[in-house]
Amino acid sequence: RGGSQVDDDVLGRLEWTRKQWRGQVTIDGTDVRLALPGSKHEPDPTAVRLARSAAEQWAACAAEIRRELTEHRDTLADEPATSTRPVDLGPDYVAVVDLDRRPVLEFGFAVPWDDDHTLGARVVDSALVELSGSVLEP
């Protein structure tokens, strides 16, 4: 049989698979994949608290993340002014990852202008602290 399962009041069912707790979180009305660290017996409590705040933290920093994504796209464009339209993407996944030995939320994006990389927007206290140009999707 498969791994362990935990039911969270906010996040719903979380399942232990591939050495992480997996489930879904709703961001802007869309269900997004969720990955959390922990033991095979239970998810990390700090990670659960962060995941519960994902929608609120996304709402607080989505505009800044999208500006950074737009700048990333424009930097990689063959012709810099090919599109003046701002990027309006939502995350493909949400994960709790370590950044300088501190758990942070990561909103991950598989972007159409960079097929080779998944971008990770790392957020602390509802503020973007890093847009990583190459992260491993959990």
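Tutor: Let's start with ring pairs: rings of Phe, Tyr and Trp (its six-membered ring) pair if their centres lie within 6.5 Å, and planes under 30 degrees apart count as stacked, over 60 as edge-to-face and the rest as tilted. The model is predicted, so local features need pLDDT of at least 70 and side-chain atom pairs count only at pLDDT 80 or more, while totals for chains, interfaces and linings use all residues. Residues are numbered from 1 along each chain as its sequence is written, and side-chain values use heavy atoms, with hydrogens and water left out.

Student: How many aromatic pairs does the count come to?

Tutor: A pair needs ring centres within 6.5 Å. By this rule, the number of aromatic pairs is three.

Student: Stacked, edge-to-face or tilted: which word describes the rings of Trp-58 and Phe-107?

Tutor: Their centres are 5.3 Å apart, and the planes meet at 55 degrees. That angle is neither under 30 nor over 60 degrees, so the pair is tilted.

Student: How many residues apart in sequence are Trp-58 and Phe-107?

Tutor: Helices (H or I, at least four residues) and strands (E, at least two) are DSSP runs, numbered from the N terminus. Trp-58 lies in helix α2 (residues 54–76) and Phe-107 in strand β6 (residues 102–110). The pair therefore ties together parts whose separation in sequence is 49 residues.

Student: Are Trp-58 and Phe-107 buried or exposed?

Tutor: Buried means under 20% relative accessible area, exposed over 50%, and partly exposed in between (1.4 Å probe, protein chains only). On that scale, both Trp-58 and Phe-107 are buried.

Student: Which cluster do the ring pairs of Trp-58 form?

Tutor: Trp-58 also makes a tilted aromatic pair with Phe-109, 6.1 Å centre to centre and with 40 degrees between the planes. This second pair again links distant parts of the chain, helix α2 and strand β6, 51 residues apart. Ring pairs thus give a cluster of Trp-58, Phe-107 and Phe-109.

Student: Now for charges: how many salt bridges does a search of the whole structure find?

Tutor: A salt bridge is a side-chain nitrogen of Lys or Arg within 4 Å of a carboxyl oxygen of Asp or Glu. Searching the whole structure gives a salt-bridge count of nine.

Student: Which residue meets Arg-52 in a salt bridge?

Tutor: The bridge spans 2.4 Å, N to O, and its acidic partner is Asp-8. Arg-52 belongs to helix α1 (residues 45–52) and its partner to strand β1 (residues 5–8), so parts 44 residues apart in sequence are tied together. Arg-52 is partly exposed at 42%, whereas the buried partner, at 11% relative accessibility, is Asp-8.

Student: How far apart are the closest N and O atoms of Arg-33 and Glu-137?

Tutor: Arg-33 is partly exposed at 41% relative accessibility, and Glu-137 is partly exposed at 36%. In their salt bridge, the closest N and O atoms are separated by 2.3 Å.

Student: Which residue in β2 is the bridge partner of Val-6?

Tutor: Two strands pair if DSSP finds at least two bridges between them. Four bridges join β1 to the antiparallel strand β2 (residues 12–17), and a hairpin of three residues connects the two. In β2, Val-6 has as its bridge partner Leu-14.

Student: And which residue in β3 is the bridge partner of Trp-16?

Tutor: Strand β2 also runs antiparallel to strand β3 (residues 20–27), with three bridges joining them. In β3, Trp-16 is partnered by Trp-21.
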